Amino acid sequence: MLVDSHCHLDFPELAGDLASVFALMRENSVTHALCVSVTLEDFPRVRGIAESNPNIYGSVGVHPDYEGRDVTVKELVAHAANPRIVAIGETGLDYFRLKGDLEWQRERFRTHIRAARECGKPLIIHTREAAADTLKIMREEGADKAGGVMHCFTESLDVAKAAMDLGFYISFSGIVTFKNAKDLKAVAIEVPLERMLVETDSPYLAPVPYRGRTNQPGFVKHVAEEVARLKGAAFDRVCKETTDNFFHLFSSISETPDVNA
Ligand SMILES: [Zn+2]
Ligand SMILES: [Zn+2]
């Protein structure tokens, strides 16, 4: 049993044929997936997918790459009151995609952390070329009181350790399977399984051997296989630990019915 802790099933690459996406999940024993929101405009579709599929959950948030989308603590908390919505995000900082004065990004990140603390649901944090500011704001806003995950992790071991010190999990995506991701492979060896999640971030970043194709949650199996290989751990153990971590972190899931239980 495996879980995809981060995917975008509402994106057009996947939304048109969810039946085949779910079929591959079943084939690869991927039992649950978390469908992550990137804008409030798209959120109703994320919520709809989570409400109509028993083992799919949703989050609410505005991704840092979308400029000019205002969001308030009140709005986030209201959307997160839905039992199918188990996290706040994705949020964070991205200094790679956007340049210039990004104070609005930092302010929006603070808004998400405040919302997570208020509603008691964990954060899904995206950080790219902004690790120092990300950690600084997490500390200033008391993100440790909400907890969460550093998703699609590509930073150094020091950044991973700092996030783990704040009680956060580190989630690895298909990038860890890429031949040229030597530094990230070294980080995956050091991050203990007790703090690790796996994800696809589909439809992007398909793992080897599907690199360049449309990614989907079933492919998270290849991420877990690479983690097992790197750590010299049994594949079953990687599956079990990352799945246990998922349910521990997104603990409100256990309050909702689960057809596979
Ligand atoms: Zn992201
Ligand atoms: Zn994402």
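This report walks through the metal site, the salt bridges and the nonpolar cores of a predicted model.

**The zinc site**

Let us start with the metals. The zinc ion (ligand 1) is held by three donor residues: Glu90 through OE, His126 through ND1 and His151 through NE2, at 2.0 to 2.1 Å. Along the sequence these donors follow the spacing E-x35-H-x24-H. Glu90 also coordinates the zinc ion (ligand 2), and the two zinc ions are 3.6 Å apart. His126 belongs to strand 5 (residues 123-128), while His151 sits in the loop between strand 6 (148-150) and helix 7 (157-165), so this pair ties together parts that are 25 residues apart in sequence. Both His126 and His151 are buried.

**Around Val62**

Glu90 turns up again as a neighbour of Val62, a residue in the loop between strand 3 (56-60) and helix 4 (73-80). With a relative accessibility of 1%, Val62 counts as buried because the cut-off for that class is under 20%. Leaving aside residues up to four places away in sequence, Val62 touches Val38, Thr39, Leu40, Arg69, Val71, Glu90, Thr91, Arg108 and His112. For a sense of scale, the C-alpha atoms of Val62 and Leu197 are separated by 22 Å, and these residues are 135 places apart along the chain.

**Salt bridges**

How many salt bridges does a search of the whole structure find? There are 14. Side chains of opposite charge can pair when their charged atoms come close. Three of the pairs are set out here, each with the distance between nitrogen and oxygen.

| Salt bridge | N to O distance |
|---|---|
| Glu41 and Arg69 | 3.0 Å |
| Arg106 and Glu103 | 2.9 Å |
| Arg110 and Glu140 | 2.8 Å |

Arg69, already met as a contact of Val62, forms its salt bridge with Glu41. That pair links distant parts of the chain, with Glu41 in the loop between strand 2 (30-35) and helix 3 (43-52) and Arg69 in the loop between strand 3 and helix 4, 28 residues apart. Glu41 is exposed at a relative accessible area of 53%, whereas Arg69 is partly exposed at 30%.

Arg106 and Glu103 make a local pair by comparison of position: both lie in helix 5 (residues 103-119), three residues apart, or about one turn of the helix. Glu103 is partly exposed, with a relative accessibility of 36%.

The salt bridge between Arg110 and Glu140 joins two helices. Arg110 is in helix 5 and Glu140 in helix 6 (residues 131-140), so the pair ties together parts that are 30 residues apart in sequence. Arg110 is buried at a relative accessible area of 14%, and Glu140 is partly exposed at 44%. Both belong to one network of salt bridges with shared partners, which joins Glu107, Arg110, Arg114, Lys136, Glu140 and Glu141.

**Nonpolar cores**

Which residues touch the most other members of the largest nonpolar core? Among its 73 residues, they are Leu9, Leu123, Met138, Phe153, Phe168, Ile170 and Phe172. Helix 9 (residues 220-231) supplies the largest share of this core, six residues. Another core lies apart from it, with 14 residues that include Ala87, Ile124, Val149 and Phe246.

Ile170 offers a closer look at the larger set. Not counting residues up to four places away in sequence, Ile170 touches Met150, Phe153, Ala160, Ala163, Met164, Val191, Arg195, Met196 and Leu197.

How values were computed
Residues numbered from 1 in each chain as written. Chains lettered and ligands numbered in written order. Predicted model: local features only at pLDDT ≥ 70, side-chain atom pairs only at ≥ 80, totals over all residues. Heavy atoms only, no water. Helix = DSSP H or I, 4+ residues; strand = E, 2+ residues; numbered from the N terminus. Buried < 20%, exposed > 50% of the residue type's maximum accessible area, 1.4 Å probe, protein only. Contact = heavy atoms within 4.5 Å. Salt bridge = Lys/Arg side-chain N within 4 Å of Asp/Glu carboxyl O. Donors = N, O, S within 2.8 Å, 3.2 Å for Na, K, Ca; no water. Core = buried A, V, L, I, M, F, W, Y, C linked by side-chain atoms within 4.5 Å.
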